Structure formats: C-alpha cells, structure tokens
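User: I am new to this structure and would like to understand the labels used for its charged residues. Could you take me through the reasoning behind them?

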Amino acid sequence: MTDAGYDDWLEAVDDGEGYYLACPEGHGSLPPRRVCPHCGSTELDQAALPAAGTVETYTVCYVGGPDFEEEEPYATAIADFGDVRLTGLVRGMDPEDVTVGMSVEARVGTNRTTGDDVLVLRTR
C-alpha cells in the first residue's frame with residue numbers, strides 16, 4: 001500500500017533532496033498538503049529541508065506496538081528542522097544515549113518488523 005505524497009516525500013529525503021511545503025506567510029508543513037494548516041493558504045511551494053535538525057524531545061520504547069516489535073528497544077524523537085518538525089526513529093546509537101539538543105539528519109530506513117520505509121534520524 002502506498003501513501004501518496006508521503007511516500008514521494010520519503011523518496012526525496014532518501015535521495016538527499018528532502019523538502020517541506022512553505023506558504024507565502026512563511027509557515028512550513030510536510031506533504032501531503034494542499035492547504036497550509038496554519039493560515040489556509042493554497043499557495044504552497046517546495047522549500048529545501050535543512051541538512052540538520054535538533055532533537056527537541058524523545059522517548060525510549062521498550063515495548064513497541066505490533067509494527068515495531070523487531071525494533072525494541074528504540075528511541076523515537078521529534079527534531080526541529082527550522083520551519084518544520086520531523087518525527088522519526090533514532091538509529092546509529094544506543095537509545096539510552098539520545099539527548100535533547102543533539103544534532104541529527106533525516107534519512108530513510110527500513111522498519112525491521114514490517115519492511116516498510118520509515119523516517120530515521122541519525123546523529124551528525
């Protein structure tokens with residue numbers, strides 16, 4: 001099953017061409033969108049996703065849902081990438097070592113349980 005817009009966005013991130021949608025008022029959002037969720041503008045243009053973001057918050061999951069059983073334990077973080085925030089699995093380090101304020105980059109990985117593509121945040 002594909003998720004039109006989101007799967008295209010993940011592919012762009014995987015190709016190193018990540019983007020977000022920006023309206024004339026300067027609000028950022030992620031696809032798929034046709035309307036700015038902040039102001040209602042229908043004029044959305046692609047803007048380059050910054051190369052790095054900063055972890056704002058995270059949680060370590062020791063018992064995941066059925067779609068993440070093979071990931072346990074894992075950290076999920078929300079990272080600030082300028083005008084947008086991304087939520088993804090933190091990989092490349094022990095989940096216990098994730099900290100608020102650490103610099104991360106957006107990548108694409110594979111969910112070890114389902115085989116689906118997932119957004120991954122890796123330290124820089």
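User: Thanks! Why is D116 called partly exposed?

Analyst: Happy to help, and please keep in mind that this is a predicted model. D116 has a relative accessible area of 46%. Partly exposed is the class between under 20%, which is buried, and over 50%, which is exposed, so D116 with its 46% is partly exposed. You will find D116 in the loop between β7 and β8.

User: What makes D116 part of a negative surface patch?

Analyst: A patch residue needs over 30% relative accessible area and no salt bridge, and Asp counts as negative. D116 has 46%, and D116 is listed in the negative patch, together with residues including D8, E11, D67 and D117. Helix α1 (residues 6-14) gives the largest share of this patch, three residues.

User: How do you know that E56 and R85 form a salt bridge?

Analyst: The closest N and O atoms of E56 and R85 are 2.7 Å apart. The cut-off is within 4 Å, so the pair E56 and R85 at 2.7 Å counts as a salt bridge. This pair links distant parts of the chain, with E56 in strand β4 (residues 53-61) and R85 in strand β6 (residues 84-91), 29 residues apart. The structure holds five salt bridges.

User: Is E56 buried, partly exposed or exposed, and why?

Analyst: E56 is partly exposed, because its relative accessibility is 34% and that class runs between the 20% and 50% limits.

User: Why is E71 called buried?

Analyst: The relative accessible area of E71 is 4%. Buried means under 20%, so E71 belongs in that class. E71 also forms a salt bridge with R112, where the closest N and O atoms are 3.0 Å apart. These two residues sit 41 residues apart, E71 in the loop between β4 and β5 (74-81) and R112 in the loop between β7 (103-110) and β8 (117-123).

User: What makes R124 exposed and its partner E105 buried?

Analyst: R124 has 57% relative accessibility, so R124 counts as exposed, the limit being over 50%. E105 has 18%, so E105 counts as buried, the limit being under 20%. Their salt bridge has its closest N and O atoms 3.3 Å apart. R124 lies in the segment after β8 and E105 in strand β7, 19 residues apart.

User: Which residues are joined into one network by salt bridges that share partners?

Analyst: E71, R91 and R112 are joined in that way.

Note on methods
Residues numbered from 1 in each chain as written. Predicted model: local features only at pLDDT ≥ 70, side-chain atom pairs only at ≥ 80, totals over all residues. Heavy atoms only, no water. Salt bridge = Lys/Arg side-chain N within 4 Å of Asp/Glu carboxyl O. Helix = DSSP H or I, 4+ residues; strand = E, 2+ residues; numbered from the N terminus. Buried < 20%, exposed > 50% of the residue type's maximum accessible area, 1.4 Å probe, protein only. Patch = residues over 30% accessible without salt bridge, like charges linked within 9 Å, V, L, I, M, F, W, Y side chains within 5 Å. Areas by Shrake-Rupley, 256 points an atom, 1.4 Å probe, with all protein chains shown as cover. Charge placed at Lys NZ, Arg CZ, Asp CG, Glu CD.
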